[in-house]
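Work through these exercises with the structure open beside you. Try each task before you read its solution.

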Amino acid sequence: MSLRVFNTSTGQKEEFIPLREGHVGMYVCGVTVYDYCHIGHARAAIVFDTVYRYLQHLGYEVNDVCNFTDIDDKIIKRANEENIGWQEVTEKYIQAFYEDMGQLNITPPTTEPKATDHIDGMLDMVSSLIEQGKAYEAEGDVYFSVRNFAEYGKLSGHNLDDLKAGARVEPGEHKRDPLDFALWKKSKPGEPSWDSPWGPGRPGWHIECSAMSRHFLGTQFDIHGGGKDLVFPHHENEIAQSQGCSGTPPVKYWLHNGFVNINEEKMSKSLGNFFTIRDILERYHPEVLRLFLLSHHYRGPIDFADQYLEDAKKMLNRFYELFDKVNSALGTSSLDIYIQQIIDNNKLASDFVTRFEQAMNDDFNTALALAHMNEELTRLNKEITEMYSDPIKVNNELVLIDDDVARLYYCGKKILGIFHSDPHIYKLWNIDHLNLDTENVEALIKQRKAAREAKDWAKADECRDALTALGVVLEDTAQGTVWKVK
RNA sequence: GGCGCCGUCGCCAAGUGGCUAAGGCCGAGGUCUGCAAAACCUCUACCGGCGGUUCGAAUCCGCCCGGCGCCUCCA
């Protein structure tokens, strides 16, 4: 079965056939850098990172472009509020973006262009649109003439008359039609500006993506992604500009992720009901957030609450228990070595991997893929349980199991972007947050060991209760007592 | 007002015409353990309501109830 993707512009799942065999051009709308990223940004980043990873898994060479919007009203406003230069604002939040995305294990895209590095490309497109009669200059502004683009509204399923009812013209604008949108804005005194044939000004929001996608991916490319809220007007306008220039539809498949909600309401800057990525990562391992977001289909809404992160955390713990068990039995990093061997020897195929791929092929159904992973996890745990109860089988069958564990590990680590941590270290992730005195922990474990050897169970339980109070959980195994953080 | 989405086990969540409706969390019982933990086993849903189409529907159509999104900056 081949990959099928839901295309916003047709409203259907379609077989994914790239424009150029073996290659995929993909553009994902990035962030406007005037504040820290919130969980909604995290979702978009994780969804399209997973798309990127899966396309690579399928063998495509992917050119993945994700932009920074580093000139915009909100950036100027923020700079004025803080009485600093607008570039200080963008530099600060671009840096923060890299830190957050690194935490979330987002694969760095092939290219991460900044809008302000592509002003020339935007000016070219605006000039071309004016020459073709699809845009017009008015008092230093330039507007796209929506009535001159027959397909306007196709992506978002609107028609011009419906849209007209809700459209309005801001004071100071000089649109011929309320639906026309700005390609170029005349700058006010003191605002950042660039020279243009129409006087000093700055680009409208939408034109940057048209210019940058054209520059890096050409006039036609395969996938354009972003949040659902960008369908209208941003992506609708992008199509109008790009197609207005080149004469051809710029994008073959439009993919849009659903929102993150708080109490069933959209999380957004304007409603003020948002959590930043940083807020969450103070309390939860980044992979918990990632797993939580991937346990829902990317197109649907997700309601956000700590309880759901707790659920995801427990699911993640189960996987890491197995990986830690295998690594501690076979040596640190042995799973990573196995993954490489499996790839090198072309032994990735298995019934489980087939099921996983079938789920992913159906419009990146990560929720179903995770269900298969959980089933596989249970199956492997069962085999290991049986092996330990029958020592003769251990030597004969351990190798077979290693391959299957490695396949499971591969799907999570390479495709879903989880299992990035060392399994043993993962279990201790909360140490910093608990302010644990590890020497004290070790001492208590030692005391308990002595008490157990003396069969002083009351004393042994006393030690463990003390550790429990510290948030430490013990496990007595054949290899000795190990501990982890709750 | 226009366009569109959603309502599946106590909670989260796949499934969108046909095997006994995935999976996770929580809960109950059991195996293992000095006791635990981890792991494993067993148990827990006729899919918002009504009507229709069909041999057959959670899955298609209609109406109703409830929730939400876009149409204005927003992942």
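**Exercise 1. The surface near the RNA**

Task: Find how many residues surround RNA strand B, and which are the closest.

Solution. This is a predicted model. In it, 57 residues surround RNA strand B. The closest are Lys74, Trp205, Gly227, Leu230 and Arg464. Next, look at the RNA side. Sugar and phosphate make up 70% of the strand B atoms that come within 4 Å of the protein. Now sort the protein side by class. The surface near RNA strand B has 17 nonpolar, 21 polar and 19 charged residues.

**Exercise 2. Single contacts and their elements**

Task: Describe the contacts that Gly227, Asn381 and Lys314 make with RNA strand B. Then say which element gives the most to this surface.

Solution. Start with Gly227. A polar backbone atom of Gly227 is 2.4 Å from a sugar or linking oxygen of RNA strand B. Asn381 uses a polar side-chain atom, 3.2 Å from a sugar or linking oxygen of the strand. For Lys314, the partner is a phosphate oxygen of RNA strand B, and a side-chain N or O atom lies 3.4 Å from it. Now turn to the elements. Those that give two or more residues to this surface include helix 1 (39-57), strand 9 (221-227), helix 10 (306-330) and helix 13 (366-388). Helix 13 gives the most, with nine residues.

**Exercise 3. Cysteines**

Task: Count the disulfides, and explain the result for Cys209.

Solution. The test is a pair of cysteine sulfur atoms within 2.5 Å. The count is zero. Take Cys209: its nearest cysteine sulfur belongs to Cys29 and is 3.9 Å away. That is not within 2.5 Å, so Cys209 is in no disulfide. Check the surroundings too. Cys209 has a relative accessible area of 1%, so it counts as buried. Cys463 is also buried, at 3%.

**Exercise 4. Backbone details**

Task: Inspect the peptide bond from Phe232 to Pro233, then phi of Asn105 and of Lys455.

Solution. The bond from Phe232 to Pro233 is cis, with omega near 5°. Pro233 is in helix 7 (residues 231-246). Asn105 is not a glycine, yet its phi is positive, about 60°. Asn105 sits in the loop between helix 3 (86-103) and helix 4 (119-131). Lys455 also has a positive phi, near 55°. Its place is the loop between helix 17 and helix 18. Now compare accessibility. Asn105 is buried at 14%, whereas Lys455 is exposed at 59%.

**Exercise 5. A hairpin and its salt bridge**

Task: Say how strand 14 and strand 15 are joined, and which salt bridge Lys484 forms.

Solution. Strand 14 and strand 15 (residues 480-485) run antiparallel, with six bridges between them. A hairpin of two residues connects them. Leu474 stands opposite Trp483 in strand 15. Lys484 forms a salt bridge with Glu475, and their closest N and O atoms are 3.2 Å apart. Lys484 is buried at 19%; Glu475 is partly exposed at 28%.

**Exercise 6. Links across the chain**

Task: How many salt bridges does the whole structure hold, and which residue does Lys185 pair with?

Solution. The search finds 31 salt bridges. Lys185 pairs with Asp73, with the closest N and O atoms 3.6 Å apart. This pair links distant parts of the chain: strand 7 (residues 181-186) holds Lys185, helix 2 (residues 73-82) holds Asp73, and the two are 112 residues apart. Lys185 is partly exposed at 28%, and Asp73 is partly exposed at 40%.

Technical notes:
Residues are numbered from 1 along each chain as its sequence is written. Chains are lettered from A and ligands numbered from 1 in the order in which they are written. This is a predicted model: local features need pLDDT of at least 70, side-chain atom pairs count only at pLDDT 80 or more; totals for chains, interfaces and linings use all residues. Side-chain values use heavy atoms; hydrogens and water are left out. Buried means under 20% relative accessible area, exposed over 50%, partly exposed in between (1.4 Å probe, protein chains only). A residue is near a molecule or strand if one of its heavy atoms lies within 4 Å of it. A polar contact is a pair of N or O atoms within 3.5 Å; within protein, one must be able to donate a hydrogen and the other to accept it, and residues adjacent in sequence count only if both atoms are side-chain atoms. Helices (H or I, at least four residues) and strands (E, at least two) are DSSP runs, numbered from the N terminus. Ala, Val, Leu, Ile, Met, Phe, Trp, Tyr, Cys and Pro count as nonpolar, Asp, Glu, Lys and Arg as charged, and the others, Gly among them, as polar. Two strands pair if DSSP finds at least two bridges between them. A salt bridge is a side-chain nitrogen of Lys or Arg within 4 Å of a carboxyl oxygen of Asp or Glu.
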